[in-house]
Structures are given as structure tokens and as C-alpha cells.
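Biologist: Please take me through this model, beginning with how far it may be trusted and ending with its interior.

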Amino acid sequence: MIQQLDSVPGWDICIIGGGATGLGTALDAASRGLKTVLFEQHDFAKGTSSRSTKLVHGGVRYLQQGNIKLVMEALKERGLLLRNAPHLVHNQKFVVPNYKWWEKPFYGIGLKIYDKMAGKLDLGRSQFLSKEETLQLAPTLDPEDLKGSVLYHDGQFDDARLAISIAQTAAKQGATVLNYFPVNGLLKMQKKVCGVWVKDALTGKEYEVKSKVVINATGVFTDSIMKMDDPKHKNIISPSQGIHLIVDKDFLPGDTAIMIPRTDDGRVLFAVPWYDKIVLGTTDTPVDTVSAEPVPLQEEIEFILKHIGRYLTKDPQLSDVKSMFAGLRPLVKGKKKKTSGIARDHLIYIADTGLITITGGKWTTYRKMAEDVVDIAIERSGLLRSTCITKELLLNGHDQPVPPSSVSALTNDQLQKWVHRAVQEEMCMTVEDFLSRRTRQLLLDANVAMEMAPLIANLMSKELNKDDPDSYRGWIKEQINNFNSVAACYKPATG
Ligand SMILES: Cc1cc2nc3c(=O)[nH]c(=O)nc-3n(C[C@H](O)[C@H](O)[C@H](O)COP(=O)(O)OP(=O)(O)OC[C@H]3O[C@@H](n4cnc5c(N)ncnc54)[C@H](O)[C@@H]3O)c2cc1C
């Protein structure tokens with residue numbers, strides 16, 4: 001991939017950002033035959049795209065808000081994603097417990113509409129369940145005053161693994177995708193953007209990369225790239241933090257998730273089985289600064305524990321939390337003049353310099369976002385017109401064994417095999433890449449991940465050919481230290 005940077009004189013499309021939006025755009029562009037390069041400053045999906053609630057959904061919340069168009073689009077994308085990534089996305093049952101008489105008809109009708117909107121791509125009909133049927137599916141729901149529930153279906157997925165799968169599919173279609181390559185500046189000719197300055201973060205080597213189109217797909221970092229384009233640019237992103245807590249399965253045994261459509265203060269709360277654990281979330285907290293490793297706030301942790309405790313027979317305590325993680329939503333404030341005119345949840349801006357920015361949306365709609373932005377790039381830059389094919393494109397790995405989510409139960413031989421695959425085929429460069437995004441050990445149990453780090457560092461050092469004994473030991477030590485400082489933010493302080 002790196003050699004391509006020296007050998008290709010100019011690209012059709014250069015994408016900044018390797019989250020869901022950027023990777024989806026790289027796949028869309030490459031599969032239309034465009035010469036495509038993508039740069040991610042850290043690892044693929046290190047940003048928001050590995051920190052979601054893991055739902056492939058139309059968004060019952062958006063339905064409540066009356067945003068019919070958005071829900072219809074997301075439900076269609078949900079169906080396509082289930083078809084094209086069956087190894088990473090599956091059908092998930094949810095119950096909406098009813099404790100008040102009006103909740104059953106209210107949510108029942110809403111979810112019937114949700115079913116209908118999915119049309120041919122629906123995942124199963126919603127149903128009214130009695131109290132007994134509800135407790136069979138979710139035995140730890142608080143039975144006091146429980147009247148019954150509404151059962152419905154949505155999709156659930158592994159976000160970081162899907163990102164890797166999209167990156168691999170894009171590479172197969174001819175895209176060059178690079179992690180640990182921060183973009184540090186934009187190239188301009190006659191006031192038009194014509195490429196980027198990038199640096200190989202692992203070697204320090206810098207490159208000047210020419211491209212007909214540059215697309216800014218950097219999520220909450222959107223403004224930093226827009227400032228490279230126009231130093232007077234005024235921020236358009238208001239970041240909002242959402243956190244998740246991971247607890248053991250005994251808080252919600254079985255395979256059914258719980259959805260609380262409205263907490264006291266009007267939020268949606270989920271408890272969703274994910275691998276052998278339960279994901280609890282999320283929050284919506286405006287924050288002033290953006291960081292690659294946002295940290296859950298004490299009040300967010302308390303909010304989730306307090307509210308989920310009201311619906312379960314056993315209240316989870318801070319000491320029950322195995323891991324926690326925070327993600328940042330790139331909410332767009334106000335209206336920017338030059339939008340694409342597309343009325344969707346995502347927004348596309350085209351600057352006078354030609355820089356194209358895409359932001360907003362959600363994981364579920366990444367494919368459609370990519371299709372829209374590549375259509376615009378083609379229209380604006382006179383690239384050869386070609387049709388999007390990603391609706392029908394199976395994603396990489398659908399015919400292979402899926403890597404394990406956690407690694408503690410593996411033998412050394414099995415571990416070696418997965419480390420080998422991650423390094424050789426998935427561009428895994430650091431211990432954190434392996435424990436956080438190639439597997440999900442860090443998100444599932446932070447203590448176990450920290451215990452595993454020295455072994456993983458050892459195995460990876462061999463795969464990465466760190467032959468020289470001094471640098472080899474130095475590399476291992478550095479990797480363990482780096483990992484431990486990141487992992488510390490995933491462990492709640494129980495005091
Ligand atoms: C708490 C929470 C829960 C969510 N749950 C769901 C859900 O269940 N389902 C769903 O569909 N959606 C969900 N979403 C939304 C979804 O996660 C996001 O819409 C999506 O991940 C955004 O992807 P992105 O690629 O735009 O941004 P990001 O994933 O943040 O990617 C941007 C990337 O750009 C990189 N970058 C920045 N600057 C540079 C630079 N100078 N050079 C190179 N690279 C750079 C960053 O490192 C980053 O990796 C959730 C969001 C949050 C916050």
C-alpha cells in the first residue's frame with residue numbers, strides 16, 4: 001500500500017478519515033473504477049466508528065420524532081447490510097417493556113409502522129407479549145407492575161470488525177487504504193485543493209499526494225480539516241459524547257435485548273447482548289473538546305447505572321462494570337451555505353476550493369452516504385461517470401471464519417494464528433489495534449485485556465519482524481505501556 005504512494009502519480013479521489021464514512025467512500029469509489037486512496041491518522045475505526053451501540057437500525061427514536069424519511073432510508077440500509085455482511089450483522093430481538101397501560105398500544109402501533117416501513121427488507125414482525133412471555137425472554141426485567149411488552153426486531157453488529165471488512169473489500173476493489181497516516185495539510189493550485197500532505201506516523205516519512213478530488217470524512221475532526229482549507233473557517237461541529245458500560249450476561253441472560261424508549265429525562269436506553277456480555281447505553285452529553293480517546297464522565301456512568309437499575313431485578317453497580325467506552329457524535333450546528341441540497345441526516349459541503357466534506361449520518365447508513373458523496377465528487381470534478389454497485393456487493397470475510405471477539409480462552413497456537421491473520425491481512429500495527437478492534441477484548445473486559453497485553457505484544461513483535469533484540473524488547477515495552485495507558489480509561493475507578 002505504501003509503495004503505491006510513490007508509484008501512482010495522481011489519484012482520482014483522496015479520502016481523509018478511516019471510519020465508517022471514509023472507508024465506505026473508499027469502497028464506493030474504488031468499486032466504480034476510480035483511483036482511490038484513503039488516509040487514517042490512527043487505526044481504522046479508532047474514532048466513533050468502534051464506539052457505537054452496535055445497532056444496525058432504522059432508529060425507533062427518529063420515528064418518535066417523526067423523521068419518516070430518515071427511518072425509511074436507514075431501514076433499507078439495514079436490510080442491505082444484513083445481506084452483504086451476514087458474518088458481522090445479525091437479527092436481534094428487542095422487548096419494549098410496558099409498565100403503564102398506554103405504553104402497549106402506543107409503542108405497539110409505532111413498531112407496526114416501523115415493520116411496514118422496512119417493506120421487503122423487514123427482519124420479522126413485531127408482536128405484543130404478555131407479562132409471562134416477556135419474562136421468559138427477559139427474565140431479569142423487574143416484574144412489579146409489568147403489564148407486558150412489545151417485541152420487535154433490528155440488526156446488531158460488530159462495528160470495528162465491519163470497518164476492517166469494508167477496508168479489505170475496498171482494497172480488493174483496488175483502493176489504497178492506509179492507517180497511521182495523518183493528513184497534515186492540503187495541497188492547492190490556483191486556490192483549488194489538489195491533494196494532501198501526509199506523514200507515515202510509524203516512520204516519519206512525508207508524502208505529497210495529488211488528487212482530483214479530496215474528501216473530508218473525519219467525523220468530529222471535520223473542522224480541523226476545514227481549517228486547513230480556510231484558516232478563517234468557523235466551527236460547524238458541536239461534539240456530543242455517548243458512553244456505554246459493559247456488564248456480565250447474568251444481568252440479562254438469554255438473547256433478547258431491552259429497549260427503554262423514554263427515561264425520566266426523555267432519553268432512549270438500551271441493554272443489548274453483545275458476544276458474552278451486555279452493552280448498556282447510551283448518553284448524550286455536549287463536550288467542548290474532541291479527542292481520539294474520549295473518557296466517560298462520572299455523571300454519565302451514574303446515569304446509566306441508575307436508570308437501567310430501575311428496570312432490572314438486580315441493579316448493576318460500578319464494581320460490576322467490566323469495561324466502558326465513550327464515542328463522540330459530530331452534530332452539525334446551524335446551516336452552512338453550500339450544502340449539496342440533499343435533505344438527509346448526513347450533510348455534504350463543497351467549499352469554494354473544491355474540498356468536499358461529508359459528516360453526520362450513522363453507521364447504518366454509511367453505504368448510502370458513500371454513494372451520495374461519490375456521486376457529487378464525480379459530478380463536480382468531471383471524473384468518468386459510473387454507477388454505484390455497493391448495494392449488491394458482498395463484504396470481505398462473509399465466507400471465512402470470523403475472528404474471536406475475546407482472546408483469553410484461546411490456546412497459544414490459536415492466538416498465534418489470529419495475531420498472524422490480523423498483522424498480515426488486516427493491517428494490525430499495535431497491541432491496541434489487536435485487543436480493541438481486530439478482537440474486542442478491551443471493550444468486553446478491560447482487566448483481561450491488560451493481562452493479555454504482554455503476550456500479544458510478544459506474538460506481534462515476531463509477526464512484525466522486530467529482529468534486533470534491543471529494539472525488539474523496546475518495542476514490546478513501548479506497546480505494553482501505550483496499551484495500558486489507553487486501557488486505563490476503559491476501567492471504571494471503583495475507589
Ligand atoms: C455513542 C454513540 C452510539 C452510536 N450508536 C450507533 C448505532 O448503534 N448504530 C448506528 O448506525 N450508528 C451509531 N452511532 C453513529 C455512528 O457511530 C457514527 O455515525 C459513525 O461511526 C461516524 O463515522 P465517521 O467515519 O463519520 O467518523 P469517525 O468514526 O470518527 O471517523 C473519522 C476518522 O477520521 C480520522 N481523522 C481525523 N483527522 C484526520 C487527519 N488529519 N488525517 C487522517 N485521519 C483523520 C479519525 O482518526 C477518525 O478515525 C453512534 C454514535 C455514538 C457517538
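The exchange below covers confidence, the ligand shell and the nonpolar cores.

Biologist: Over which residues is the pLDDT below 50?

Modeller: This is a predicted model, and its chain averages a pLDDT of 93. Of the residues, 97% score at least 70. One stretch has 11 contacts in the model beyond near neighbours in sequence, yet its pLDDT is below 50: residues 336-343.

Biologist: Which domains each give at least three residues to the shell around the ligand?

Modeller: The ligand is surrounded by 35 residues, the closest being G17, G19, G47, G219 and G242. Two elements, α2 (20-31) and β16 (323-332), give two or more residues to this shell. At the level of domains, at least three residues come from each of domain 1 (2-48 + 161-236 + 334-392) and domain 2 (59-157 + 238-329).

Biologist: How many residues of the shell around the ligand are charged?

Modeller: The shell divides into three classes. Polar residues number 19 and nonpolar residues 11. The charged residues number five.

Biologist: Which helix gives the largest share of the largest nonpolar core?

Modeller: The largest nonpolar core has 70 residues, and those with the most contacts inside it are I258, A271, L435, A453 and I456. At least three of its residues come from each of domain 2 (59-157 + 238-329) and domain 3 (412-490). The largest share, nine residues, comes from helix α14 (residues 446-463).

Biologist: How many residues has the other core, apart from the largest?

Modeller: In the largest core, L435 touches residues including A449, M452, A453 and I456. Apart from that core lies another, with A26, A29, A171 and F181 among its members. Its size is 69 residues.

Conventions
Residues are numbered from 1 along each chain as its sequence is written. This is a predicted model: local features need pLDDT of at least 70, side-chain atom pairs count only at pLDDT 80 or more; totals for chains, interfaces and linings use all residues. A nonpolar core is a set of buried Ala, Val, Leu, Ile, Met, Phe, Trp, Tyr and Cys residues joined through C-beta atoms within 7 Å. A residue is buried if 20 or more other C-beta atoms lie within 10 Å of its own, exposed if 12 or fewer, and partly exposed in between; C-beta atoms are placed from the backbone. Helices (H or I, at least four residues) and strands (E, at least two) are DSSP runs, numbered from the N terminus. Domain bounds come from an automatic or database domain assignment. Two residues are in contact if their C-beta atoms, placed from the backbone, lie within 7 Å. pLDDT is the predictor's confidence in each residue, from 0 to 100. A residue is near a molecule or strand if its C-beta atom, placed from the backbone, lies within 6 Å of it. Ala, Val, Leu, Ile, Met, Phe, Trp, Tyr, Cys and Pro count as nonpolar, Asp, Glu, Lys and Arg as charged, and the others, Gly among them, as polar. Lists of a residue's contacts leave out its neighbours within four places in sequence.
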